[in-house]
Amino acid sequence: MPIRLENVGIAVRDLEAAIAFFTDLGLTVLGRDTVNGDWADTAVGLDGNHARIALLQTPDGEGRLELFEYIHPDAIETEPTQPNEIGMHRVAFSVDDIDAALEIAARHGCHPLRGVATYRDIYKLSYVRGPSGILVMLAEDLTKT
């Protein structure tokens with residue numbers, strides 16, 4: 001059976017702030033909608049599900065994020081995910097220039113957890129605490145010339 005990744009869904013506190021962050025990094029908004037009704041309750045598994053959503057795509061057309069801001073039921077605030085917690089870990093993006101990407105993130109008040117690391121002269125990597133506490137990994141491929 002063929003399978004492919006459709007998208008990664010992330011619940012956010014502020015949809016507009018999350019869209020601004022990810023579009024500044026280079027993603028494009030494919031669409032927005034407000035979803036609710038029986039079909040949404042069934043698909044998501046929440047009674048009274050009502051959310052504003054946005055679908056974003058990476059420039060290469062391969063990666064997609066679906067961002068959700070819940071209207072009902074109320075969003076549940078939790079502590080930001082730590083890198084070693086079980087469950088949804090992070091979303092990762094390849095970037096041409098990690099320093100430029102980190103400058104963009106900083107303009108949104110999003111900063112590295114610790115700094116920038118180099119893995120075997122292959123990648124420069126950094127984990128950033130993004131909007132709504134989302135862990136975002138930025139990776140610059142050092143082997144590309």
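This passage describes the nonpolar core, the aromatic pairs and a surface patch of a predicted model.

The natural place to start is the interior. In soluble globular proteins, nonpolar side chains tend to be buried together. Here the largest nonpolar core comprises 25 residues, and Ile10, Phe22, Leu65, Leu67, Phe93, Val136 and Leu138 have the most contacts inside it. At least two residues of this core come from each of strand 1 (8-11), helix 1 (15-24), strand 3 (50-57), strand 4 (64-72), strand 5 (91-95), helix 3 (98-107) and strand 8 (135-141). Helix 1 provides the largest share, with five residues. Leu65 gives a good view of how these parts meet: beyond its neighbours within four places in sequence, Leu65 is in contact with Asn7, Val8, Ile10, Phe22, Leu27, Ala54, Leu55, Leu56, Val91 and Phe93.

Aromatic side chains add further detail, with three aromatic pairs in the structure. In one of them, the ring centres of Phe22 and Phe93 are 6.0 Å apart and the planes meet at 50°, so the pair is tilted. Because Phe22 belongs to helix 1 and Phe93 to strand 5, this pair ties together parts 71 residues apart in sequence. Both Phe22 and Phe93 are buried. Phe68 and Tyr70 make a stacked pair, with 6.3 Å between centres and 15° between planes. Phe68 counts as buried at 18% relative accessibility, whereas Tyr70, at 21%, counts as partly exposed; the cut-off for buried is under 20%. Phe21, Phe22 and Phe93 together form one aromatic cluster.

Turning to the surface, Tyr119, Ile122 and Tyr123 make a nonpolar patch of about 250 Å². Tyr119 sits in strand 6 (residues 117-119) and is partly exposed, with a relative accessible area of 41%.

Technical notes: Residues are numbered from 1 along each chain as its sequence is written. This is a predicted model: local features need pLDDT of at least 70, side-chain atom pairs count only at pLDDT 80 or more; totals for chains, interfaces and linings use all residues. Side-chain values use heavy atoms; hydrogens and water are left out. Patches are made of residues with over 30% relative accessible area and no salt bridge: like charges are joined within 9 Å, nonpolar side chains (Val, Leu, Ile, Met, Phe, Trp, Tyr) within 5 Å. Accessible areas come from the Shrake-Rupley method with a 1.4 Å probe; for residues, only the protein chains shown count as cover. A salt bridge is a side-chain nitrogen of Lys or Arg within 4 Å of a carboxyl oxygen of Asp or Glu. Helices (H or I, at least four residues) and strands (E, at least two) are DSSP runs, numbered from the N terminus. Buried means under 20% relative accessible area, exposed over 50%, partly exposed in between (1.4 Å probe, protein chains only). A nonpolar core is a set of buried Ala, Val, Leu, Ile, Met, Phe, Trp, Tyr and Cys residues joined through side-chain atoms within 4.5 Å. Contact means heavy atoms within 4.5 Å. Rings of Phe, Tyr and Trp (its six-membered ring) pair if their centres lie within 6.5 Å; planes under 30 degrees apart count as stacked, over 60 as edge-to-face and the rest as tilted.
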